[in-house]
Amino acid sequence: YLKISKLALAFAIIRSKPPGKSCKEYTKHLAKIVSEQDFGWKSKVEALEAEVLRLRQELLLNKICPRFSLENNASAENLLDQECTYPTSYSSQLEDSGCDVSHDYTFDSLGIASDFHQSEHILDTSKYCLEIVPPLNLCCANNEEPLTAPVQFLQHLLEIKRLSEIGILQADLTKLENDSFTMCSSVSQLLDGLTVFYNSPKFPVSDILTEAICVLISLIADNELSNHVLKKCFKKLEEFKKKLIQIILRNSSTNRFQALYAVSHTLILLGRNNILRNSLISLLLSEVHQFAEQLWQAHQTQAVYDITQYENIFSLFMILEQLLQNETEESNISSSEYDGEEKNKFLKNLDQIILHLSDEFPLFSLYLWRVSVLLNSAQIQ
């Protein structure tokens, strides 16, 4: 039947072929028309799926906490009316997320450090402005900013939880267990949007991107909500970390170091979570060990090595050192998760690799040695 159908289609194309065109050209023309139609349907489906997710987000937030459930507080409406007097980025600022952003790790190019410092200032001086129930309006204001919907949903979720903890709202966060799809899809959207940006970053970045990173870090830092995220979206977070590491290693643009530092800083912030830190250290050790062996083999055979990757590998060293230093400083954290296969692989023949590469690649050898010292320090600690 399939052969007969193909033969019939071929005859139909031949008979309907306009003069002056070959059968091959006409077939390509028809195929292009069909593919454009398919693309149009795919776009419509994606738009409908996004709208369904937006409605599910709004429904879930209403289930967790109806918009006007402020226990008949007379000042509640006044608080709602005050919302328009504050920027939307301020209405979602939370308490200290536990992410220590010191001067050593700030990067004003993304505006994230200043955003964290602003949030601390707002919490100290304008605490009452946080007692606003955010409106449940999750419409994406700009099609060019697909991050808007998941960022706003997660911001509202964080804010509702905070307000419930201080007694202003009554919220039932157990509803998250019954609707894991919405939570996972929102986090996945957020991670996909960040991945798209980091693949081709543009500076200065938009406010929505700064908000996206702050929301992601705040979500992971929150003990209760992070359990939902890590339990339901752990694989997605692992993929996100792997993609960021590959973005660092493969970036070959001339002025790439600002972008690489931004990606590195995001990985360091993710690594402040104990569960994500252990798996991230394992990933970094694996990549560094693999490149060290490749460099050693290239040195032995006098072969050409990837200079771009050699330059970028130092960003991974920087991330590793920061995470391992945090590991040794926090005595209550165990390094058992990466003490197994990846650590043994990294330390295997490390002295020999350092010895052979120290003359040709002194800086790389020094960093290898520093990481090995930090690994051993964590084990002793």
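# Cavity, core and salt bridges in a predicted model

The largest cavity in this predicted model has a lining of Leu191, Asp192, Thr195, Lys236, Glu239, Phe240 and Lys243.

User: Which elements give two or more residues to the lining of the largest cavity, and which of them gives the largest share?

Analyst: Two or more lining residues come from each of helix 8 and helix 10 (223-250). Four residues make up the largest share of the lining. The element that supplies them is helix 10.

User: How many cavities of 30 Å³ or more does the structure hold, and how much space lies in the largest?

Analyst: Rolling a probe the size of a water molecule over the atoms shows where empty space is left. Two cavities reach 30 Å³ or more. The space in the largest is about 40 Å³.

User: What secondary structure does the chain hold?

Analyst: Strands number zero. The chain has 16 helices.

User: What share of the residues counts as buried?

Analyst: Buried means under 20% relative accessible area. The chain has 381 residues. The buried share is 45%.

User: Of the contacts with a separation of 6 or more, what share joins residues 24 or more positions apart?

Analyst: Take the contacts in the chain with a separation of 6 or more. Residues 24 or more positions apart account for a share of 80%.

User: Where does the largest nonpolar core lie, and why?

Analyst: The largest nonpolar core has 82 residues; Leu194, Tyr198, Leu267, Ile313, Leu316, Phe364 and Leu368 touch the most other members. Two domains give residues to this core, so it lies between them. They are domain 2 (148-272) and domain 3 (273-331 + 338-380).

User: Which residues is Leu267 in contact with, leaving aside neighbours within four places in sequence?

Analyst: Leu267 is among the core residues that touch the most other members. Set aside its neighbours within four places in sequence. The contacts of Leu267 are then Lys241, Leu244, Ile245, Ile248, Leu280 and Ile319.

User: Is Ser264 buried or exposed, and what is it in contact with beyond four places in sequence?

Analyst: Ser264 sits in helix 11 (residues 257-270). Its relative accessible area is 0%, so Ser264 is buried. Leaving aside neighbours within four places, its contacts are Ile248, Ser315, Met318 and Ile319.

User: Is Gln309 buried or exposed, and which residues is it in contact with beyond four places in sequence?

Analyst: Gln309 belongs to helix 13. The cut-off for buried is under 20%. With a relative accessible area of 19%, Gln309 is buried. Leaving aside neighbours within four places, Gln309 is in contact with Leu249 and Phe291.

User: What distance separates the C-alpha atoms of Arg277 and Leu267?

Analyst: Arg277 is part of helix 12 (residues 274-301). At 1% relative accessibility, Arg277 counts as buried. Along the chain, Arg277 and Leu267 are 10 residues apart. Their C-alpha separation is 9.1 Å.

User: How many salt bridges does a search of the whole structure find?

Analyst: Side chains of opposite charge can pair when their charged atoms come close. The search of the whole structure gives a count of 13.

User: Which residue forms a salt bridge with Glu58, and is that residue buried or exposed?

Analyst: The salt bridge of Glu58 is with Arg54, with the closest N and O atoms 3.4 Å apart. Both residues lie in helix 2 (residues 23-64), four residues apart, about one turn of the helix. Glu58 is partly exposed at 24% relative accessibility. At 14%, Arg54 is buried.

User: How far apart in sequence are the parts that Asp179 and Arg56 tie together?

Analyst: The side chains of Asp179 and Arg56 meet in a salt bridge of 2.9 Å, N to O. Asp179 lies in the loop between helix 7 (175-178) and helix 8 (180-199), and Arg56 in helix 2, so the pair ties together parts separated in sequence by 123 residues.

User: Which helices does the salt bridge between Glu321 and Arg370 tie together?

Analyst: The closest N and O atoms of Glu321 and Arg370 are 2.6 Å apart. Glu321 is buried at 8% relative accessible area, whereas Arg370 is partly exposed at 35%. The parts tied together are 49 residues apart in sequence: helix 13 (residues 307-329) and helix 16 (residues 362-380).

User: Which residues are linked with Lys161 in a network of salt bridges?

Analyst: Lys161 belongs to a network of salt bridges. The residues linked with Lys161 there are Glu165, Asp222 and Glu224.

Key:
Residues numbered from 1 in each chain as written. Predicted model: local features only at pLDDT ≥ 70, side-chain atom pairs only at ≥ 80, totals over all residues. Heavy atoms only, no water. Core = buried A, V, L, I, M, F, W, Y, C linked by side-chain atoms within 4.5 Å. Buried < 20%, exposed > 50% of the residue type's maximum accessible area, 1.4 Å probe, protein only. Domains from an automatic or database assignment. Contact = heavy atoms within 4.5 Å. Salt bridge = Lys/Arg side-chain N within 4 Å of Asp/Glu carboxyl O. 1 Å grid on protein atoms, 1.4 Å probe; cavity = no way out; pocket = protein on both sides within 12 Å on 5 of 7 lines; lining within 4 Å. Points joined across faces, edges and corners; volume = space filled by probe spheres on them.
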